Amino acid sequence: MANARHSGHPERAFGATAVGAAGARVQALRLVLWLVAALLAAREVESVLGSPPGRRLTDLETWVGPDGVLHVKGSLYDSDAFTGTPFGGLVLKPLTRAAEQALGWGWTFGTLLLVVALGLIAARALPQPVSRRTSLLAAPVAVSLLMLSLPVRNTLYLGQTSIIPVLLVVAGCFAVRGERAAGVCVGVAAAFQPTVLLFTPLLWLTGRRTAALSAGATFAACTLAAWVAMPRDSATYWVHHLAGAGLGGPADDLANQSLHGALLRLGLSGPPEIALFLLLSGVVAVLGVRRAVRYARDGQLLLAVAVTGCAAVAISPTAWQHQLLWLLLAVVGRVGRRAADRFVWPVAVILVMTLPASMIVPGKPLFQPLIQNLALLASVAAATAVPFLLRTSPYFRDPVPNLYAPTGPEGGARSLPFLPQRAAPVMRRALTRPNLLFELLLIRVTYAAYAQIRLAAAGDSSTAGRARAEEHGRQILDLERLLHIDIEHWANHAVVAAGRVEDFLSFYYESFHFGVPLAILGVLYWRRPVDYRWARSAIGIATVLALAGFWLYPLAPPRLMPELGIVDTVNGPQDFSRPDYGTLTELTNQYAAMPSLHFGWALWCGLVIVVVAPRGWMKALGLLHPFFTLCAIVGTGNHWVLDAVGGAAVVGVGFGLTHLFQGPRAAPGSAPATAEPAPVSGATAAPASATPSAATEPAAPADRDLRSPQPPSGSPQDVSSAPPDRPRGRTPN
């Protein structure tokens, strides 16, 4: 598998010299990315070695420490502390004589070197063809993603050996010369992690039978050597525990992302669970190897390795977080015919590998099974279901392009009345509908980050933070008195005096804050995709600006100012004698009041409806939402009037920056100016009538790999003979 004819000679692209200003920018970006990778590595070193001795490298300390299982006479498996194979214990035995401090430093830096080596090899093994820019940036990006991934961070923190099997397999497939040597690498990896033996049929079925036989023989030799050296431990591991099943923590623990762990979490147990686990494992193994063979024969060897590794994770009796690194390698697979779909799979994989599942999936009871098994489901999907494109597909390199709005006012673009026209926006406005899954992931992760930052901005709410927020509240009150708009006390007591009004405004405050914006985004996505991108960008920018306000200016709302006598109609009376005002501050940042996103998001809803609604009564109805929201936030005592002014300001800036970056809002029915990517060299130009606003055909991207053959005119990649579902200069409805 290390044969250069399968990897496409990526070293030539790595050694290519960039020409001109574009090349200089790529080299500068490459340097910045390597700096980012170095900073991430330094952060991991500081996080591990900066922890107290009892809280760092805990698994390694359990194995080789003064009281570790490798020191104690008897079986390695008398307790659940050691979960590796007997061969792994045999390899780790010599480390028991190392000094604790030297071992910690050496193990941490050694693991980092293995991670860097894995990133470099994976970057050189990308499925061809790749552009010169991709070749130059692949290595630092790969190393940075590895440093950010939860498996690598977990491995470093625990002092685990999980990087070794992955690196041995990848090195055997792409870096080692000769099939026998490649098989030895895979066999040693299987001796550390038995399910890696699944790579043996992959080698056999792709014609590398010498490597397959070598892998099997090496695994048998390593296992036999461990059996001779530690017969009791080997019998316990291979016979009593059936290749390690039942070792470590409880098999139904959330950290066990295998089919066995998922079935146990679903409530199955005993012989039925074992039978179903064996059946599902067989199906996943067969499908995974079949797909891997197909991609290997297609020249996508790194993807084949990733698919096989994901299947190995699923069928393992236990697959802890530090053993899930195979899934990250699947990021190289290309999925989707449209350019708008191309980033969904890699983004989803990166999110699953770098963020807790609770940040990706809503924490509702309905979604608990998904949260508990997210990494497993992603691995099973990669192994059995995700439709990765073959290199023979016309969409592999040239997906169906996005359509973009004209940049000048002559293209029919429209602007909000208070924003000027702009002839050259920084970013082009896409006219095609974005991928739904990508948008849902974006909204969910953005909201999770918003919630975390909002909570972090609270600071020490029980002491200095509370005093600072209340001082800011007095500043706002003084300013409102100066402006004669200090109506909070009057409005609150007027609402309390009218019971039905109080009930309505309290209900409105709690019920419509999230639902209305999400509903508008959903309608725009389905019926007005052009306006969806414009509206989504504006509310996103406004929310980011509001987070800065929460952080820089924590503000106590009127209901949390003890001297004002405001009645909290939503949350009930607050116990001001307690520093934290009861348990409410455990749920949210009570001082995230300036600017008011309750009013800001409501105003965004009203403006979007005014702009896109076709009827006057619809526009008027849309403006009722910000009006009722303003009444609710002031009448319930949750915001000052100036908070609403701040919310309106960030929304206005959000629309303004969207206009600045993307140009004026594209009119529905405006013709696209150009499509990305441009037709490849030699393709026949589309008729002028198809794109009336385009004066000339755009040139091919400068960073395209010129070594790759270009399709002749009339091929499936030719614009004039595009597949039926490829857009032909028409703006979607």
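The following exchange asks why certain labels are used for this predicted model and sets each value against its cut-off.

Me: What makes a residue or atom pair eligible for a statement in this model?
Reply: The model is predicted, and local features need pLDDT of at least 70 while side-chain atom pairs count only at pLDDT 80 or more, although totals for chains, interfaces and linings use all residues. Residues are numbered from 1 along each chain as its sequence is written, and side-chain values use heavy atoms, with hydrogens and water left out.

Me: How many helices and strands does the chain have, and what makes a run count as one?
Reply: The chain has 30 helices and 2 strands. Helices (H or I, at least four residues) and strands (E, at least two) are DSSP runs, numbered from the N terminus.

Me: Why is Tyr295 called buried or exposed?
Reply: Buried means under 20% relative accessible area, exposed over 50%, and partly exposed in between, with a 1.4 Å probe and protein chains only. Tyr295 has a relative accessible area of 2%, so Tyr295 is buried. Phe388, at 5% relative accessibility, therefore counts as buried as well. Across the chain of 733 residues, 52% are buried.

Me: Why is the pair of Tyr295 and Phe388 called by the name it has, and what does it tie together?
Reply: Rings of Phe, Tyr and Trp (its six-membered ring) pair if their centres lie within 6.5 Å, and planes under 30 degrees apart count as stacked, over 60 as edge-to-face and the rest as tilted. A search of the whole structure finds 16 such aromatic pairs. The ring centres of Tyr295 and Phe388 are 5.8 Å apart with the planes at 80°, so this pair is edge-to-face. Because Tyr295 lies in helix H15 (residues 270-297) and Phe388 in the loop between H21 and strand S1 (402-403), the pair ties together parts that are 93 residues apart in sequence.

Me: What makes Phe504 and Phe628 an aromatic pair, and are these residues buried or exposed?
Reply: Phe504 and Phe628 are 5.6 Å apart centre to centre with 80° between the planes, and the pair is edge-to-face. Phe504 lies in helix H25 (residues 499-511) and Phe628 in helix H29 (residues 616-635), so the pair ties together parts that are 124 residues apart in sequence. Phe504 is at 38% relative accessibility and therefore counts as partly exposed, and Phe628, with a relative accessible area of 28%, is partly exposed too. Ring pairs also link Phe504, Phe507, Tyr508, Phe512, Phe627 and Phe628 into a cluster.

Me: How do you know that the charged end of Arg334 sits over the ring of Phe396?
Reply: A charge sits over a ring if NZ of Lys or CZ of Arg is within 6 Å of the ring centre and within 35 degrees of the ring normal. The charged end of Arg334 sits over the Phe396 ring at 4.1 Å from its centre.

Me: What is Ser281 in contact with, and why is Ser281 called buried or exposed?
Reply: Contact means heavy atoms within 4.5 Å. Leaving aside its neighbours within four places in sequence, Ser281 is in contact with Leu259 and Ile315. Ser281 lies in helix H15 and has a relative accessible area of 9%, so Ser281 is buried.

Me: Where is His484, and why is His484 called buried or exposed?
Reply: His484 is found in the loop between helix H23 (464-483) and helix H24 (488-497), and with a relative accessible area of 70% His484 is therefore exposed. Phi of His484 is near 60°, a positive value in a residue other than glycine.

Me: Which bond joins Met594 and Pro595?
Reply: A cis peptide bond joins Met594 and Pro595, with omega about 0°, and Pro595 lies in the loop between H27 and helix H28 (597-612).

Me: What makes up the lining of the second largest pocket by class?
Reply: Ala, Val, Leu, Ile, Met, Phe, Trp, Tyr, Cys and Pro count as nonpolar, Asp, Glu, Lys and Arg as charged, and the others, Gly among them, as polar. By these classes, the lining of the second largest pocket has 35 nonpolar, 4 polar and 4 charged residues. On a 1 Å grid over the protein atoms alone, a pocket is an open set of points where a 1.4 Å probe fits, with protein on both sides within 12 Å along at least five of seven lines, and lining residues have an atom within 4 Å of a point. The largest share of this lining, 11 residues, comes from H22.
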